[in-house]
There are 2 protein chains.
Amino acid sequence: MRGQLTAKGKATRRRIVEGAAEVLRERGVASATLDDIMVRTSASKSQLFHYFPDGKEELLLAVAQFEADRVLEDQQPYLSRLDSWEAWEQWRDVVIKRYEAQGDECPLGSLFFQVGRSTPGARAIVVELMRRWQENLAAGIRSLQASGRLPDGLDVDARAAALLAAIQGGVSILLSTGRSTHLRAALDLGIADLRRAGETGP
Amino acid sequence: MRGQLTAKGKATRRRIVEGAAEVLRERGVASATLDDIMVRTSASKSQLFHYFPDGKEELLLAVAQFEADRVLEDQQPYLSRLDSWEAWEQWRDVVIKRYEAQGDECPLGSLFFQVGRSTPGARAIVVELMRRWQENLAAGIRSLQASGRLPDGLDVDARAAALLAAIQGGVSILLSTGRSTHLRAALDLGIADLRRAGETGP
DNA sequence: ACTACAGTGGACCGCACAGTCCATTACCAC
DNA sequence: GTGGTAATGGACTGTGCGGTCCACTGTAGT
């Protein structure tokens, strides 16, 4: 388990991570056990510890990384091409759709609360995700500036940060209440606000 | 434990809840044990089960309620008197200060993830908290309308929802990254956006 | 084909921790 | 002060679950 992984080994490892992710989403991190994961992935306990020598925590971390990667993947290609207002609207729709479908499961959130505090690993994964997400938003705003749809004077980073916060908040409220009203309101008002900034003085 | 609680009994119960809240904040819900709570509150195990017959879950729920109540209390009296722009700014400062002080501990969040799914109790607490919070924000916006600082046409609920989402998102990012940049940006832009709505055409 | 190591199976261990039980003490009512 | 119920102490139990061990099997390289 230090680099020497055959093709078969890699496949098994992947199978475990993906299966574990499913189990965690269904059962929740708190109540999911290694045995659950063994059953789901048809793996033996030795396999689990073979591929994740540090045990459950290492496995959870791997799942967290897996889930984090999925988040931005799901928003492609919209997120990386926010160069028109239509693109922003489409992206908005995708985000809302994705999180409405996800409902009250928050793989990353629960993972974070479980492993999070104390271990730097989980935090690093989330921080990196947020950074990349915000960077994409900022790039989108800048491309609107480049095409003259938004004035140059805009504080791009603050706007991107606020938008990211709007999403996170909307999602976390969706998570606890089951309703996507807040996510919609926050995104709509956030984008509208941005748009208004472009309409003042052509 | 069905109503019949002496003054002494009530005091003990309170002591347990408050002590448990401390322990949960420090150790995190995941790793806090009943023994930790026993030590902290100088209570015996029988006391714990005397006051919370359903065991750990009931205790966690009581703590969740306790923490939820604190959230809005901490923002008083500003939150309930949002009738001038100065009041909004002051409230903003209080919120930021409170959550910066809290740092990376999220009592309610972790409680929610631990008990949350599966039990309706925790969800109800959070839903109610959100409802009251948003209601306060909406009342603030309406009072600004009443004094003519904001136009009547405003979609008050959507504005309040967006603001609430902004806070939640800012806080959850503060929680994972340790930086309050997003909370500040989201609140500032949210309030600025609101304010701008009042400046268009007197 | 042999050899070395990755991959796999599954029995086994230990203990942390929620929850139970009963005995004892403090408190209130009358 | 006496009966009844609340409050408390603390030993005890049971087990769920993470983690270990060793033995067996498949497979790639020479």
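## Talking through a predicted two-chain helical model

Chain A of this predicted model is divided into domain 1 (7–53) and domain 2 (64–199).

Colleague: Happy to look at this with you! What secondary structure does chain A have, and how do its elements run from the N terminus on?

Modeller: Good place to start. Chain A has 9 helices and 0 strands. Its C-alpha atoms fill a box of roughly 65 × 40 × 30 Å along the principal axes. From the N terminus on, the order of elements is therefore α-α-α-α-α-α-α-α-α.

Colleague: And what percentage of contacts in chain A, between residues at least 6 apart in sequence, join residues at least 24 apart?

Modeller: Let's take burial alongside that. Chain A has 202 residues, and 50% of them count as buried. For the contacts you ask about, the share joining residues at least 24 apart is 69%.

Colleague: Now the two domains of chain A. What area is buried between domain 1 and domain 2?

Modeller: The centres of domain 1 and domain 2 of chain A, taken over C-alpha atoms, are separated by 29 Å. Contact between them involves 7 residues of domain 1 and 8 residues of domain 2. Carbon and sulfur atoms give 68% of the buried area, which is about 660 Å².

Colleague: Which residues form the salt bridge between those domains?

Modeller: The count between domain 1 and domain 2 of chain A is 1 salt bridge. On the side of domain 1 that touches domain 2, the residues divide into 5 nonpolar, no polar and 2 charged. The N to O distance in the bridge is 2.9 Å, within the 4 Å cut-off, so the pair counts. The side chains that meet there are those of R25(A) and E67(A).

Colleague: Moving on to the two chains together: what area do chain B and chain A bury between them?

Modeller: Here 40 residues of chain B are in contact with 40 residues of chain A. Carbon and sulfur atoms carry 63% of the buried area. The total that chain B and chain A bury between them is about 3,100 Å².

Colleague: Which helix of chain B gives the largest share of the side that touches chain A?

Modeller: Between the chains there are 10 residue pairs in polar contact, both residues at pLDDT 80 or more. At least two residues each of the side of chain B that touches chain A come from α1, α6, α7, α8 (156–177) and α9 (181–199) of chain B. The largest share, 15 residues, is supplied by α8(B).

Colleague: Which residue of chain B forms a salt bridge with R123(A)?

Modeller: Chain B and chain A have 4 salt bridges between them. In the one with R123(A), the closest N and O atoms are 3.4 Å apart. That is within 4 Å, so the pair qualifies, and the partner of R123(A) is D104(B).

Colleague: Helix α6 of chain B caught my eye. How many of its residues are buried?

Modeller: Helix α6(B) covers residues 107–115 and is mostly covered. The buried residues include L108(B), L111(B) and F112(B). Among the elements covering them are α6 (107–115) and α8 (156–177) of chain A, along with α5 (85–102) and α7 (120–146) of chain B. Of the 9 residues of α6(B), the number buried is 7.

Colleague: Why does E57(B) count as partly exposed?

Modeller: E57(B) is found in helix α4 of chain B. Leaving out residues up to four places away in sequence, E57(B) touches V115(B) and T119(B). Partly exposed is the range between 20% and 50%, and E57(B) falls there because its relative accessible area is 42%.

Colleague: Let's check the backbone. Which peptide bond of chain A is cis, with omega near 0 degrees?

Modeller: Most peptide bonds are trans, so a cis one is worth a look. P77(A) has its place in the loop between α4 (56–75) and α5 (85–102) of chain A. In chain B, the bond from Q76(B) to P77(B) is cis. In chain A, the cis bond runs from Q76(A) to P77(A).

Colleague: Last one: is S42(A) buried or exposed?

Modeller: S42(A) lies in the loop between α2 (34–41) and α3 (45–51) of chain A. Its phi is positive, about 50 degrees, although S42(A) is not a glycine. Because its relative accessible area of 60% is over the 50% cut-off, S42(A) is exposed.

How values were computed
Residues numbered from 1 in each chain as written. Chains lettered and ligands numbered in written order. Predicted model: local features only at pLDDT ≥ 70, side-chain atom pairs only at ≥ 80, totals over all residues. Heavy atoms only, no water. Domains from an automatic or database assignment. Contact = heavy atoms within 4.5 Å. Buried area = accessible area lost by both parts, 1.4 Å probe. Nonpolar A, V, L, I, M, F, W, Y, C, P; charged D, E, K, R; others polar. Buried < 20%, exposed > 50% of the residue type's maximum accessible area, 1.4 Å probe, protein only. Helix = DSSP H or I, 4+ residues; strand = E, 2+ residues; numbered from the N terminus. Polar contact = N/O pair within 3.5 Å; in protein donor to acceptor, adjacent residues only side chain to side chain.
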